[in-house]
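Subject: Structure for you to look at

Hello,

Here is the structure I said I would pass on. My notes follow it.

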Amino acid sequence: MELSHRVQAIKESPTLAITAKAQKLKADGRDVIALAAGEPDFDTPDHIKAAAIDAINKGFTKYTPVSGTPGLKNAIVAKFKRDQGLDYTAKQILVSCGGKQSFYNLCQAYINAGDEVIIPAPYWVSYPDMVILAEGKPVIVECGIEQGYKLSPAQLAAAITPRTKLVVINSPSNPTGAVYTLDELKALGEVLKKHPKVMIASDDMYEHVMLGSTTFSNILNACPELYPQTILLNGVSKAYSMTGWRIGYAAGPEWLIKAMENIQSQSTSNPTSISQVAAEAALNGPQDECFAPMLKAFNERHEFVVNTFNGIRGLKCLTAGGAFYAFVDAREAIQNLYKEGKIAAPNDLALGSYLLEAQDVAVVPGSAFGAEGYFRISFATSMGNLEKALARIANALA
Ligand code: PLP
C-alpha cells in the first residue's frame with residue numbers, strides 16, 4: 001500500500017511540529033520556553049464568549065449554510081466597509097474554518113497542475129505546501145533583510161510569466177512583521193494592473209495587530225482598480241484571540257467565491273455554528289477597546305526583543321510594523337557557533353536544535369519560512385518568559 005503522491009510532496013507544518021516537540025520536552029519535566037506558536041497569549045474577550053454560550057443555550061448547534069450564516073456574512077460586509085471603505089455583497093463572502101482553510105479553498109478552486117503562484121519569501125509556512133497540494137508550482141521570490149523583507153516591483157515584474165495564476169501578498173507578514181506602505185502597494189499594483197489575468201491573494205490576517213504608529217493598507221486601498229482580480233483573506237484568530245474557534249473568511253469575485261464554496265461543501269461544510277455567532281459578536285462589538293490591551297503588551301515586548309536581539313553577538317533584527325513576531329538574521333551567529341564546534345552544521349536547523357536541546361528555548365528556524373540562516377520567535381508570551389528566553393539565547397551565543 002502506498003500513500004498518495006500528493007501527501008508525499010508536502011511536510012507537516014513546521015511551526016506546529018516544533019510546538020509539539022517543545023510541549024513533549026515540557027511534559028518530560030524540562031523547563032522549556034516555547035517561542036514557536038503563532039497565537040496571542042490573551043483570552044478571547046468576554047462579550048465574544050458570552051455570545052457563543054448564548055448560542056449553545058438557544059440550540060444554535062446545527063448545520064448552517066456552507067458559506068456562513070447571513071448574520072456573520074453581513075458583519076463581514078460591514079467590517080470591510082468600516083475598516084477599509086470596500087464594498088462587498090454577501091455573495092462575495094465565504095466563511096471557512098480559519099484563514100488556513102480560506103487559502104486552501106482558493107488553491108483547490110483556482111490552481112491547475114503547473115500553474116505558477118508567486119510567493120515572496122520569507123513566507124507563511126503553509127502557502128507553498130497548499131499550492132503543491134493543488135499541483136501548482138510555488139515560485140519563491142527571495143526578499144531578504146536588506147530589502148526589509150518586502151517584494152520590490154522589479155522582482156514582481158520579473159517573476160510573472162504566462163503561467164502565473166496567483167500572487168500572494170501578506171502584510172503584516174508572518175514571519176517578519178514587515179508591513180507594506182500604501183505607496184509600496186501602489187507600486188506593486190502598477191505591475192499587477194498590466195496582468196489582469198493574475199489573481200492577487202491579499203492575506204490581511206494581522207490587519208489589527210499593528211505596532212508603533214504603522215498603519216494598515218492592503219492592495220485594494222492602494223489600487224481600487226484591482227478589485228476584480230483580488231481576493232482578500234482575513235479572520236478573527238489573531239485580532240480577537242480566537243485561534244481555537246477556527247473562523248476565517250475570504251472576500252472576492254463571486255465566480256471564485258462560489259467555486260471555493262463548492263470545495264468547502266464537499267470537504268468540511270459550514271464552519272462551527274457556535275464559532276460563527278462568536279465571530280459575529282467579535283466583528284460587530286467594540287473594536288479598539290478590544291485590541292488596546294493586547295497592542296500595548298505587544299508594543300512593549302516588541303521593543304524589548306528587538307533591542308535585546310540587536311545587542312547579541314551575530315544577530316540582527318529589524319523593527320516590525322505589525323504581527324507579534326521577531327525575525328532574526330542569525331547568519332553570523334551560526335558561522336560563529338559552527339566554528340566554535342557548538343553546532344553540528346552551519347545552518348538554522350542546527351541552531352534551532354542547539355537552542356532547544358542545550359538552552360530549552362524553542363524557536364522556528366528560518367528555513368521553515370524559506371529563509372535559511374534566520375529564526376523566528378513569537379512574542380505572544382509573557383515579558384517574564386521573554387526575558388528568561390532571550391537571556392538563554394544571549395548566553396548560548398556569547
Ligand atoms: N495567514 C497567516 C499569515 C497566518 O500567520 C495564519 C496563522 O498563523 C493564517 C493565515 C491562518 O490563521 P487561522 O487559520 O488561524 O485563521
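**Proline 40 and its surroundings**

Proline 40 is buried, with a relative accessible area of 9%. The model is a predicted one. Proline 40 sits in the loop that runs between β1 (33-34) and α3 (46-57). Leaving out residues up to four places away in sequence, proline 40 touches Ser237, Lys238, Ser241, Thr243, Met294, Phe298, Phe324 and Ala380. Its C-alpha atom is separated by 15 Å from that of isoleucine 247, a residue 207 places further along the chain.

**A second proline**

Isoleucine 247 also comes up with proline 271: the C-alpha atoms of these two are separated by 6.9 Å, and their positions lie 24 residues apart in the count along the chain. Proline 271 belongs to the loop between α10 and α11. Is proline 271 buried or exposed? Proline 271 is buried, at a relative accessible area of 0%. Not counting residues up to four places away in sequence, proline 271 touches Thr64, Val66, Val95, Ser96, Cys97, Arg246, Ile247, Gln264 and Gln276.

**Domains**

The domain assignment of the chain gives domain 1 (5-43 + 289-397) and domain 2 (48-285). Taken over C-alpha atoms, the centres of domain 1 and domain 2 are 25 Å apart. The contact between them involves 38 residues of domain 1 and 34 residues of domain 2.

**The largest pocket**

The largest pocket holds about 560 Å³ of space. Its lining is made up of 29 residues, and those nearest its centre are Gly38, Lys100, Trp124, Lys238 and Arg246. Two or more lining residues come from each of α2 (14-27), α5 (99-110) and α6. By class, the lining of the largest pocket has 12 nonpolar, 11 polar and six charged residues. Where does the largest pocket lie with respect to domain 1 and domain 2? It lies between them, because both domains give residues to its lining.

Two residues named above recur here. Lys238, which touches proline 40, is among the residues nearest the pocket centre. Arg246, which touches proline 271, is another of those nearest the pocket centre.

**Nonpolar cores**

The largest nonpolar core has 91 residues, of which Tyr240, Phe309, Leu315 and Ile377 touch the most other members. Helix α12 (residues 288-310) gives the largest share of this core, eight residues. Domain 1 and domain 2 both give residues to this core, so it lies between them. Leucine 315, leaving aside its neighbours within four places in sequence, is in contact with Phe309, Asn310, Val328, Asp329, Ala330, Ala333, Phe375, Ile393 and Leu397. Another core lies apart from the largest one; it has 42 residues, including Ile18, Tyr127, Ile257 and Ala371. In soluble globular proteins, nonpolar side chains tend to be buried together.

**Cavities**

There are three cavities of 30 Å³ or more. The largest cavity has about 130 Å³ of space. It is lined by 16 residues, with Pro120, Pro122, Asn170, Ser173 and Tyr180 nearest its centre. β3 and β5 each give two or more residues to that lining, and the largest share, three residues, comes from β5. The lining of the largest cavity divides into 11 nonpolar, four polar and one charged.

The second largest cavity has about 40 Å³ of space. Ile169, Ser171, Leu185, Ser202, Asp204, Phe216, Ser217, Asn218 and Ile219 line it. They count as four nonpolar, four polar and one charged.

**Backbone points to check**

Most residues other than glycine have a negative phi, and most peptide bonds are trans. The following depart from that.

- A cis peptide bond joins alanine 121 to proline 122, with omega at about 5 degrees. Proline 122 is in the loop between β3 (116-121) and α6 (126-133), and is one of the residues nearest the centre of the largest cavity.
- Serine 171 and proline 172 are joined by a cis peptide bond with omega near -10 degrees. Proline 172 is in the loop between β5 (164-170) and α8 (182-193). Serine 171 helps line the second largest cavity.
- Tyrosine 149, in the loop between β4 (137-142) and α7 (153-159), has a positive phi of about 65 degrees. It is buried, at 6% relative accessible area.
- Serine 269, in the loop between α10 (254-265) and α11 (273-284), has a positive phi near 60 degrees. Its relative accessibility of 26% makes it partly exposed.

Regards

Notes:
Residues are numbered from 1 along each chain as its sequence is written. This is a predicted model: local features need pLDDT of at least 70, side-chain atom pairs count only at pLDDT 80 or more; totals for chains, interfaces and linings use all residues. Side-chain values use heavy atoms; hydrogens and water are left out. Helices (H or I, at least four residues) and strands (E, at least two) are DSSP runs, numbered from the N terminus. Buried means under 20% relative accessible area, exposed over 50%, partly exposed in between (1.4 Å probe, protein chains only). On a 1 Å grid over the protein atoms alone, a cavity is a set of points where a 1.4 Å probe fits but cannot get out, and a pocket is an open set with protein on both sides within 12 Å along at least five of seven lines; lining residues have an atom within 4 Å of a point. Grid points are joined across faces, edges and corners, and a volume is the space filled by probe spheres set on the points. Ala, Val, Leu, Ile, Met, Phe, Trp, Tyr, Cys and Pro count as nonpolar, Asp, Glu, Lys and Arg as charged, and the others, Gly among them, as polar. Domain bounds come from an automatic or database domain assignment. A nonpolar core is a set of buried Ala, Val, Leu, Ile, Met, Phe, Trp, Tyr and Cys residues joined through side-chain atoms within 4.5 Å. Contact means heavy atoms within 4.5 Å.
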